[in-house]
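Let's take a friendly walk through a protein model, one region at a time. Have a look at the structure below, then read on.

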Amino acid sequence: MKPVSTITSPAVPLLRDNIDTDTIIPSREMTTTGRTGLADGLFAAWRYTDAAARVRDPSFVLNQRDAIGTRLLLGGRNFGCGSSREHAVWALVEFGIEAIIAPSFAPIFKANCLRNGLVPIELPEDVVRSLQWAMVTIDLASQTVSAGERSWHFGIAPEAKQMMLEGLDAIDLTLKARRAIAHWLARDRKARPWIYPGDAR
């Protein structure tokens, strides 16, 4: 996972409530078990008039010229509801989306975002709507979203913030505490030797 510090991008609006993971990446588009090869299927039912032939629908927001190369998506309430599939986040990341700003996220989808380098930001609905097509800068270190002279603070758990700033997954984050873990384990072996029957000590 690559580190995330600041993101500057036009904010492309997809302001629909309850966008579920099957809409983000339909099951028929999940032809791989890995994290790649999914971007083409992102929002396939909406992006294409003919998904099989990949005929793009010019009216869909991500197909519009101003959305090309965007790194930021604006969503509606309960973004990412439905199944727990990580493929939805993988497809967004592979497409180039680095952050989503929405009034609320489905909890499992939000957790998947944080574990895969996609920044989920919750702001009030009126603020989200005011950001449509604005050039927005997200500063993860200061936990701020800014557009022009306006700025808003967003919340993120300290552990998740550290993971994203340093580009760590959950295992990497745990390994940063390897010395403390080894120290605790050595003390515990001495205090409760019966827990470690295979320990030669």
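## A strand and its partners

In this predicted model, a good place to begin is Ala102, which stands opposite Glu122 in strand β6. After that pairing, it helps to trace the path of the chain: from β5 it passes through helix α4 (residues 107-114) on its way to β6, and this β-α-β crossover is right-handed. The two strands, β5 and β6 (residues 119-122), run parallel and are joined by 4 bridges.

Strand β5 also pairs with strand β4 (residues 72-75), again in the parallel sense, over 3 bridges. Look for Leu74 here: its bridge partner in β5 is Ile101. Between β4 and β5 the chain travels through helix α3 (residues 87-95), making a β-α-β crossover that is right-handed.

## Both faces covered

Now turn to the two sides of β5, which spans residues 99-102. Are its faces covered or open? Both are covered. On one side sit Ala99 and Ile101, on the other Ile100 and Ala102, and all four of these residues are buried.

## A glutamine in a loop

Next, find Gln143, in the loop between β7 (135-139) and β8 (144-147). Is Gln143 buried or exposed? Its relative accessibility is 13%, and buried means under 20%, so Gln143 counts as buried.

Which residues does Gln143 touch, beyond its neighbours within four places in sequence? They are Trp152, His153, Phe154, Gly155, Ile156 and Lys161. Take His153 from that list: Gln143 and His153 are 10 residues apart in sequence, and their C-alpha atoms are 5.7 Å apart in space. With Lys161, Gln143 has a polar contact from side chain to side chain, at 3.1 Å.

## Two cysteines without a bond

How many disulfides does the structure hold? The count is 0. As a reminder, a disulfide is a covalent bond between the sulfur atoms of two cysteines.

Why is Cys81 not bonded to Cys113? The closest cysteine sulfur to that of Cys81 is the one in Cys113, and because the two are 13 Å apart, they are too far for a bond. For comparison, the cut-off for a disulfide is a pair of sulfur atoms within 2.5 Å. Cys81 is buried, because its relative accessible area is 15%. Cys113 counts as buried too, with a relative accessibility of 1%.

Technical notes:
Residues are numbered from 1 along each chain as its sequence is written. This is a predicted model: local features need pLDDT of at least 70, side-chain atom pairs count only at pLDDT 80 or more; totals for chains, interfaces and linings use all residues. Side-chain values use heavy atoms; hydrogens and water are left out. Buried means under 20% relative accessible area, exposed over 50%, partly exposed in between (1.4 Å probe, protein chains only). Two strands pair if DSSP finds at least two bridges between them. A crossover is right-handed if, with the strands pointing away from the viewer, the path from the first strand over the helix to the second runs clockwise. Contact means heavy atoms within 4.5 Å. A polar contact is a pair of N or O atoms within 3.5 Å; within protein, one must be able to donate a hydrogen and the other to accept it, and residues adjacent in sequence count only if both atoms are side-chain atoms.
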